[in-house]
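Reader: I am in my first year and would like to look closely at one part of this model. Could you take me slowly through a single helix and what lies around it?

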Amino acid sequence: MSSSSSSFSSFSSSSSQPPELSVKPVPGDYGHPFFGALRDRLAYFYHEGRDNFFVSRIQKHQSTIFKTNMPPGPFISSSARVICLLDAISFPVLFDTSKVEKRDVLDGTFLPSLAFTGGHRVCAYLDPSEPKHTSLKSLFLSTLAARHNKFIPLFQTGLSELFNELEAKISSKKEAYFNTLSDTMSFNYVFRLFCDKNPGETKIGCTGPKLFDKWLLFQLAPLGSLGLLPNILCYFEDFLLRTFTFPFFLVKSDYKKLYDAFYEFGSSFLDEAENKFGIERDEACHNMVFLAGFNAYGGMKVLFPGLIKWVALAGQKLHKKLADEIRTVVKAEGGVSLSALNKMVLTKSVVYEFLRIDPPVPFQYGKAKVDLVVQSHDAAFEIKKGEMIFGYQPFATKDARVFENPEEFVADRFVREGEKLLKYVYWSNGRETENPTVENKHKIIEKDLKKMG
């Protein structure tokens with residue numbers, strides 16, 4: 001993030017907790033509901049780019065809290081207006097479900113067609129105050145607790161297959177594309193965890209990652225871009241992606257293959273949903289597919305390649321330190337276990353530092369449940385009930401008033417005294433120092449996957 005983030009960092013100086021401040025109106029303006037949203041959308045994707053979009057408004061308003069519009073805007077979302085939080089002090093309010101509502105805000109200012117989830121509002125779309133959220137989240141917690149002893153063995157199997165395939169491709173073709181192989185490993189891991197079956201032994205075979213990728217793409221297309229330069233092609237892309245949502249029927253057959261496979265082999269999950277929690281099998285299965293595909297596979301798809309990239313860039317000195325620590329702990333513990341992973345101090349710090357500098361899930365949204373006063377380092381602002389709040393996590397976790405040299409990857413940042421900074425690291429819809437419960441929106445499986453990363 002280079003120059004744009006440096007501009008953001010230079011706006012900060014050296015305190016980490018704000019005093020009580022007089023309340024100000026939130027700076028910024030939305031402009032016309034249509035033309036203002038369109039103006040900001042084109043700036044965000046094409047004219048300025050994502051990071052510079054936020055930096056320019058921080059500089060303009062001299063504030064890390066301001067009003068703006070976020071994609072996709074017209075005609076897909078009814079309102080693009082958000083109040084933007086871009087510092088470590090204000091950002092955490094987005095995880096406080098007593099103050100913000102998480103109903104239908106997973107993807108921001110629009111909700112993809114429920115046809116993509118079998119007509120159901122799956123758990124990720126529910127606010128914790130909704131009764132069904134409690135039953136579904138309890139089901140997820142119960143299921144993963146029962147499978148806890150499978151996390152590491154299945155992960156070891158997947159890693160072994162991944163690196164064997166990497167070596168085979170490099171040996172035969174002199175090159176290998178890591179991301180594709182990582183996606184296959186991620187899908188196989190998730191399917192084996194939920195269904196106790198190798199997907200290669202089912203009708204979906206090796207097509208699982210592509211099926212999930214297509215299903216995800218058609219839901220999230222309005223939030224993406226090919227990164228085109230500002231010219232006639234970028235306006236054509238914007239019209240194509242953000243005028244209408246992509247219809248479900250284009251991926252209906254792909255989704256049915258996934259649903260049928262999880263329904264056939266995920267019977268233990270479905271039995272528990274029906275018998276213990278009173279959730280109908282069809283609804284439970286759509287939730288299982290979403291949990292496996294959107295939350296777990298979707299998270300791993302970004303997490304593993306990103307982690308590999310940052311560790312590779314850190315150089316051989318760190319590689320040797322990591323190898324020495326891991327080998328020493330594994331030998332002392334007699335193998336790999338969650339207990340052993342918790343003793344790998346440097347290894348854990350490296351994972352946390354990756355989550356800080358390049359968070360796999362960069363966006364958070366929530367609607368104010370009540371009138372709020374939200375503080376940044378420098379000021380306090382009133383947010384009215386019902387207003388949409390947006391946070392861009394890479395700026396919150398690279399806040400120079402909290403983190404020294406925030407643009408640098410510092411492998412041992414969270415070792416010893418550095419552990420105190422973990423409350424400013426977020427993963428799976430919450431602080432790293434907090435755990436999933438039925439009352440919050442922590443994504444359960446990602447917390448465990450991070451430990452193995």
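**A helix and its buried face**

Author: In this predicted model, a good place to begin is the end of helix α10, which is followed by G278, a residue whose phi is positive, near 70 degrees. Going back into the helix itself, α10 covers residues 267-276, and its buried residues are F269, L270, E272 and A273. Seen down the axis of α10, these buried residues fall within an arc of 160 degrees, so they line one face of the helix. As for what covers them, the surroundings include α4 (131-146), α6 (178-195), α9 (252-265) and α11 (281-314).

One of these covering helices, α4, leads to a further detail, since the loop between β4 (100-101) and α4 holds both E130 and R103. E130 forms a salt bridge with R103, and the closest N and O atoms of the two are 3.0 Å apart. Because both residues lie in that loop, the pair ties together parts that are 27 residues apart in sequence. The two partners can also be described by their accessibility: E130, at 14% relative accessibility, counts as buried, whereas R103 is partly exposed, with a relative accessible area of 37%. In general, side chains of opposite charge can pair when their charged atoms come close. To place this pair in the wider picture, the structure holds 33 salt bridges, and elsewhere R39, D40, E48 and R57 are linked in a network of such bridges.

Conventions
Residues numbered from 1 in each chain as written. Predicted model: local features only at pLDDT ≥ 70, side-chain atom pairs only at ≥ 80, totals over all residues. Heavy atoms only, no water. Buried < 20%, exposed > 50% of the residue type's maximum accessible area, 1.4 Å probe, protein only. Helix = DSSP H or I, 4+ residues; strand = E, 2+ residues; numbered from the N terminus. Arc of directions from axis to C-beta. Contact = heavy atoms within 4.5 Å. Salt bridge = Lys/Arg side-chain N within 4 Å of Asp/Glu carboxyl O.
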